[in-house]
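Let's take a walk through this one, ring by ring and helix by helix. Have the structure open and turn it as you read.

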Amino acid sequence: MDPKPLQKLLGRTLVIVAHPDDETICCGGLLQQMREPCVVFVTDGAPEDDYFWRRYGSRERYAALREEEATAALAAVGVKGVEFLARQAEAPLIDQLLYRALPVAFAALSNIVERWRPECLLTLAYEGGHPDHDSVSFLAAQIGRSYSLPVWEAPLYHRDPIGGGVYQEFVEEHGEVIDHIVGGEELEAKVRMLGCYKSQFESLPSFDIQLERFRPQVAYDYSRRPHSGKLNYQLWQWRMTPEEVCSSFIDFSSSATVMKK
């Protein structure tokens with residue numbers, strides 16, 4: 001890969017994702033080229049619904065397992081910088097419910113930025129795949145603006161106009177999209193990372209592990225849903241609505257929480 005188009009991401013980069021395994025799928029290859037990466041997992045990775053954690057005995061045990069898996073995955077590629085925001089926040093940051101805890105998450109993220117002093121942020125795209133993914137997109141945009149940091153983004157998944165699954169493509173192709181093709185030893189290491197996420201094997205096969213896509217973050221209107229079709233979590237029949245998620249973004253933006261640093 002020619003490193004020049006992605007040069008801003010290869011230095012002291014703060015990777016802001018929602019859950020353990022997001023980082024491996026979206027940038028497990030590129031992470032290995034970053035000189036000083038730090039990965040922030042914003043939620044605890046454990047939803048309230050026992051459908052996700054009943055085999056592990058409790059939500060807390062499942063959250064602890066996901067943290068262990070993330071630590072092992074990053075260690076597999078030598079990434080030492082890792083932050084679990086749910087440990088540091090003043091209130092719970094529960095998987096699927098991040099949109100309800102934006103001020104708490106923003107305050108904890110701000111503390112990390114002030115302590116770690118990144119040169120660039122990398123986060124997930126605003127695409128309507130998962131409400132937590134959309135929430136970290138929003139939070140990264142606010143952090144970038146508050147601290148005058150460039151923000152880049154990577155896609156994971158969303159639904160097309162007829163409800164089909166779309167993986168690793170942006171909803172709309174704004175500006176230059178840079179494809180990073182993972183191969184050789186870098187791919188072997190990414191496979192080792194994925195192998196650490198044994199609790200997630202059922203949800204990972206749809207991704208192309210050799211493809212990673214990046215672009216500077218689009219100036220989204222977070223008061224509007226990511227696209228006009230059905231959002232992925234609507235089709236999964238989760239309890240939140242796109243209107244509720246967007247309303248939380250509006251409420252946060254209109255508050256005095258986000259201040260120029």
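What follows is a short tour of aromatic pairs, charges over rings, a helix contact and one glutamine.

Keep in mind that this is a predicted model. Let's start with the aromatics: the structure holds 17 aromatic pairs. Take Phe138 and Tyr222 as one of them: the ring centres are 5.2 Å apart and the planes stand at 85 degrees, so this pair is edge-to-face, the label for angles over 60 degrees. Along the chain, these two partners are 84 residues apart. Phe138 belongs to helix H6 (residues 131-147), while Tyr222 is in the loop between strand E9 (211-216) and helix H8 (232-235). Both Phe138 and Tyr222 are buried.

Now compare that with Tyr157 and Trp236. Here the centres are 6.1 Å apart with 55 degrees between the planes, and the pair is tilted. Tyr157 sits in strand E6 (residues 157-159) and Trp236 in the loop between H8 and helix H9 (242-254), so this pair ties together parts of the chain 79 residues apart in sequence. Are the two partners buried or exposed? Tyr157 has a relative accessibility of 13%, under the 20% cut-off, so Tyr157 counts as buried. Trp236, at 41%, counts as partly exposed because that value falls between 20% and 50%. Both rings also belong to one aromatic cluster, together with Tyr51, Phe52, Tyr167, Phe207 and Trp238.

Some rings have a charge for company. The charged end of Arg12 sits over the ring of Trp116, 4.0 Å from the ring centre. Arg215 does something of the kind with Phe170, lying over the ring face at 3.7 Å from the centre.

Next, look at how two helices meet. The axes of helix H5 (residues 102-116) and H9 come within 10 Å and cross at roughly 55 degrees. That angle lies between the 35 degrees limit for roughly parallel and the 65 degrees where roughly perpendicular begins, so H5 and H9 are oblique to each other. Which residues in H5 and H9 meet? On the H5 side you'll find Leu102, Pro103 and Phe106, and on the H9 side Ser248, Phe249 and Phe252. By class, that contact has five nonpolar residues, one polar and no charged ones.

Finally, find Gln96, in the loop between helix H4 (85-88) and H5. With a relative accessible area of 11%, Gln96 is buried. Leaving aside residues up to four places away in sequence, Gln96 touches Pro47, Phe52, His130, Pro131, Asp132, Trp238 and Met240. Phe52 and Trp238 should look familiar: they are among the members of the aromatic cluster.

How values were computed: Residues numbered from 1 in each chain as written. Predicted model: local features only at pLDDT ≥ 70, side-chain atom pairs only at ≥ 80, totals over all residues. Heavy atoms only, no water. Phe/Tyr/Trp six-rings, centres within 6.5 Å; stacked < 30°, edge-to-face > 60°. Helix = DSSP H or I, 4+ residues; strand = E, 2+ residues; numbered from the N terminus. Buried < 20%, exposed > 50% of the residue type's maximum accessible area, 1.4 Å probe, protein only. Lys NZ or Arg CZ within 6 Å of the ring centre and 35° of its normal. Axes fitted to C-alpha atoms, helices over the stretch in contact; angles between N-to-C directions. Parallel < 35°, antiparallel > 145°, perpendicular 65-115°, else oblique. Contact = heavy atoms within 4.5 Å. Nonpolar A, V, L, I, M, F, W, Y, C, P; charged D, E, K, R; others polar.
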